[in-house]
Amino acid sequence: MVQVKERNFQEVRAKFESLVTDLTKMEYLESALKASDISMDVKKFAFTTLADLYGKKLMYEKAARAMYGKAGYDTTFREKIESYLKAGEFFAKGGNIISADDMFLRATREGNSEQQARVALTRKNIYLSVAAEQEKRFRMANAVKFYEHLLTFKLDDLEKSMIKKKLMDYYKKVGRFNDARAIEGK
């Protein structure tokens, strides 16, 4: 663990920028978060930067937890919603649908009706993009998890039929004919 002697935002940022590798930057920021006398600005900076660094290294679970931590220090509803949405996106990219849904639910609770509609649309779009990305990587079992979850959402007929078609194709390829018939019947 790195000892953090810097106390204000400018000192922490200067020390952070002097570090060379992403791993040392992550370790420094994690240590800064553990210091008890660090200001709220420093903590928000540390959580945001950690989320970016973890996301860049494909450590989605840690990135999501960092954004969730940042939400605890956000002062406006808009900031909280953005932090929860980003955390939900990172959890989804990591394949953790339950935690992603929890973050989207938290974002929904923070917003008014207009913001709640935006959260619902963002959630659907994130799940669709993650499922498509999993398909491109030939990780169809993960993509199916997202497509099956998407069928529980309020979707328009075109989106629903597209998802059903993808699921039926996959089910037929792997021999899950009963599942394919069940989707066809819906």
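Here a trainee and a mentor talk through a predicted model of one protein chain.

Trainee: Let's begin with the overall fold. How many helices and strands are there in the protein chain?
Mentor: Happy to start there. Along the sequence the pattern reads α-α-α-α-α-α-α-α-α-α, and the C-alpha atoms fill a box of roughly 65 × 35 × 20 Å along the principal axes. The count for the protein chain is zero strands and ten helices.

Trainee: What share of the residues of the protein chain count as buried?
Mentor: A residue is buried when its relative accessible area is under 20%. Applied to the 186 residues of the protein chain, that cut-off gives a buried share of 43%.

Trainee: Which helix gives the most to the largest nonpolar core?
Mentor: That core holds 58 residues, and Leu29, Tyr127, Tyr147, Ile163 and Leu167 touch the most other members. Counting what the elements give to this core, the top place, with eight residues, goes to helix α3 (residues 40–56).

Trainee: Ile163 caught my eye. Which residues does Ile163 touch, not counting residues up to four places away in sequence?
Mentor: Good pick, as Ile163 is among the core residues that touch the most other members. Contact here means heavy atoms within 4.5 Å. With the sequence neighbours up to four places away set aside, the partners of Ile163 are Leu128, Tyr147, Leu150, Leu151 and Leu155.

Trainee: On to the rings. Is the pair of Phe16 and Phe45 stacked or edge-to-face?
Mentor: A search of the whole structure finds nine aromatic pairs. In this one the ring centres of Phe16 and Phe45 are 5.6 Å apart, and planes at 90 degrees make the pair edge-to-face.

Trainee: How many residues apart in sequence are the parts that Phe16 and Phe45 tie together?
Mentor: Both partners are buried, Phe16 at 10% relative accessibility and Phe45 at 12%. Phe16 belongs to helix α1 (residues 9–18) and Phe45 to helix α3, so their pair bridges a sequence separation of 29 residues.

Trainee: Which charged residue sits over the ring of Phe16?
Mentor: For a lysine, the test asks for NZ within 6 Å of the ring centre and within 35 degrees of the ring normal. One charged end sits over this ring, 5.2 Å from the centre, and it belongs to Lys25.

Trainee: Is Thr48 buried, partly exposed or exposed?
Mentor: Thr48 is found in helix α3. The partly exposed class lies between 20% and 50% relative accessible area. With a value of 27%, Thr48 is therefore partly exposed.

Trainee: Which residues form one aromatic cluster with Tyr127?
Mentor: Tyr127 and Phe153 are both buried. Tyr127 lies in helix α7 (residues 113–136), while Phe153 lies in the loop between α8 (140–150) and α9 (157–174). The cluster that holds Tyr127 is completed by Phe104, Phe146 and Phe153.

Trainee: Last one, on the largest pocket. Which element gives the most to its lining?
Mentor: About 230 Å³ of space lies in the largest pocket. Its lining has 13 residues, with Val119, Ala120, Leu121, Arg123 and Phe153 nearest the centre. The elements giving two or more residues to that lining are α6 (97–110) and α7. The top contribution, six residues, comes from α7.

Note on methods. Residues numbered from 1 in each chain as written. Predicted model: local features only at pLDDT ≥ 70, side-chain atom pairs only at ≥ 80, totals over all residues. Heavy atoms only, no water. Core = buried A, V, L, I, M, F, W, Y, C linked by side-chain atoms within 4.5 Å. Buried < 20%, exposed > 50% of the residue type's maximum accessible area, 1.4 Å probe, protein only. Helix = DSSP H or I, 4+ residues; strand = E, 2+ residues; numbered from the N terminus. Phe/Tyr/Trp six-rings, centres within 6.5 Å; stacked < 30°, edge-to-face > 60°. 1 Å grid on protein atoms, 1.4 Å probe; cavity = no way out; pocket = protein on both sides within 12 Å on 5 of 7 lines; lining within 4 Å. Points joined across faces, edges and corners; volume = space filled by probe spheres on them.
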